[in-house]
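User: I would like to learn how to read a ligand site and the empty space in a model. Can we work through an example?

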Amino acid sequence: MSTENNFDHLLGIKGLSQSQIQTIFETADNFKSLLNSPVKKTPALRDTTIANLFFENSTRTRVSFELAEKRLGADVVNFSSSSSSVKKGETLIDTVNNILSMKVDMVVMRHPAPGACLFLAKHVNAQIVNAGDGTHEHPTQALLDAYSIREKFGEVAGKKVVIVGDILHSRVALSNIYCLQTLGAEVMVCGPVTLIPKNIEKLGIKVSHNLNQALQWCDVANMLRIQLERQDQRYFPSLKEYSKLYGLSQDRLDHLNKEICIMHPGPINRGVEITSDIADSNHSIILQQVENGVAIRMAVLFLLAQNNR
Ligand code: CP
């Protein structure tokens, strides 16, 4: 992304200014109003073709981007690595350049390798949107999370947000830390010592290993999934023990002398990091996060396309 409020690519939250994020939010406000109207669609991107390249599993992000693109009137092609020539040994650059030769303007990519989107942006002639690159960043998730906090409280500045769980393997955590700090929130991470990166406090955030104390401190708790698919060793004795120490339950909330807002980026492992009753309770804004994802992604794609005209 360039300076000022222009967008070249959206590769991460790191480097985005407060003003750029506010521009995304204000644009998303307009799209959210549109989505809540009977019309739901605008032809704003009718001349734009977007390829969604997913080299990793996804439900929310893939559907949300595709809906955002279609609501903007773009032409959309979907690619998943499991059924592509990647399986025959084709490189990422060859795959993408072959797709781009079919006159594609923008690429939305999820990839297991951290930095894959930056690499692509340097080697192909298209605007790139990062839909999650390994353990690095998931910028649109952080934007929709912060937008949902803004919607709930009126502003993000001054809010205390604890991100709980597998911080070590989480791209959502890193993007959230950058986004929330840029918007003036206070951030804490909470989890077992083995799942918190060493020296993470140097990012200017608090660290706790005690969930009860962290919940007492915060206005918002963002509960993360344990990313077993990224874990190459055992980081805690059992899921049962993890859940006992770091799972969010009604019993734990009953011991607080205040109400807090509960978030989760999904997918949820019910009964591990959060119990079903809390995930589905009035304190949870999990489905509002998903709803806001479409407006946020419409805003990002719209602003990118504006910069390309
Ligand atoms: N939050 C998120 O990225 O979910 P998916 O993996 O389903 O896209």
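Analyst: Start with one polar contact: an N or O atom in the side chain of histidine 138 is 2.9 Å from an oxygen atom of the ligand. Keep in mind that this is a predicted model.

User: Which other polar atoms lie close to the ligand, such as a polar side-chain atom of serine 58 or a polar backbone atom of proline 265?

Analyst: A pair of N or O atoms counts as a polar contact within 3.5 Å. Serine 58 places a polar side-chain atom 2.6 Å from an oxygen atom of the ligand. Proline 265 uses a polar backbone atom, 2.8 Å from a nitrogen atom of the ligand. The ligand alone exposes 250 Å², and the protein buries 92% of that.

User: Which residues surround the ligand, and how many of the shell residues are polar?

Analyst: The surrounding residues are Ser58, Thr59, Arg60, Thr61, Arg110, His138, Gln141, Pro265 and Gly266. By class, six are polar, two charged and one nonpolar.

User: Why does the ligand lie between domain 1 and domain 2?

Analyst: Residues of the shell come from both domain 1 (18-137 + 290-307) and domain 2 (139-289), so the ligand lies between them.

User: How should I read empty space?

Analyst: Rolling a probe the size of a water molecule over the atoms shows where empty space is left. Here the largest pocket is the space taken by the ligand. The structure also holds one cavity of 30 Å³ or more. The largest cavity has a volume of about 60 Å³, and its lining includes Arg60, Gln141 and Pro265.

How values were computed:
Residues are numbered from 1 along each chain as its sequence is written. This is a predicted model: local features need pLDDT of at least 70, side-chain atom pairs count only at pLDDT 80 or more; totals for chains, interfaces and linings use all residues. Side-chain values use heavy atoms; hydrogens and water are left out. A residue is near a molecule or strand if one of its heavy atoms lies within 4 Å of it. A polar contact is a pair of N or O atoms within 3.5 Å; within protein, one must be able to donate a hydrogen and the other to accept it, and residues adjacent in sequence count only if both atoms are side-chain atoms. Accessible areas come from the Shrake-Rupley method with a 1.4 Å probe; for residues, only the protein chains shown count as cover. On a 1 Å grid over the protein atoms alone, a cavity is a set of points where a 1.4 Å probe fits but cannot get out, and a pocket is an open set with protein on both sides within 12 Å along at least five of seven lines; lining residues have an atom within 4 Å of a point. A molecule sits in a cavity or pocket if more than half of its atoms lie within 2 Å of its grid points. Ala, Val, Leu, Ile, Met, Phe, Trp, Tyr, Cys and Pro count as nonpolar, Asp, Glu, Lys and Arg as charged, and the others, Gly among them, as polar. Domain bounds come from an automatic or database domain assignment. Grid points are joined across faces, edges and corners, and a volume is the space filled by probe spheres set on the points.
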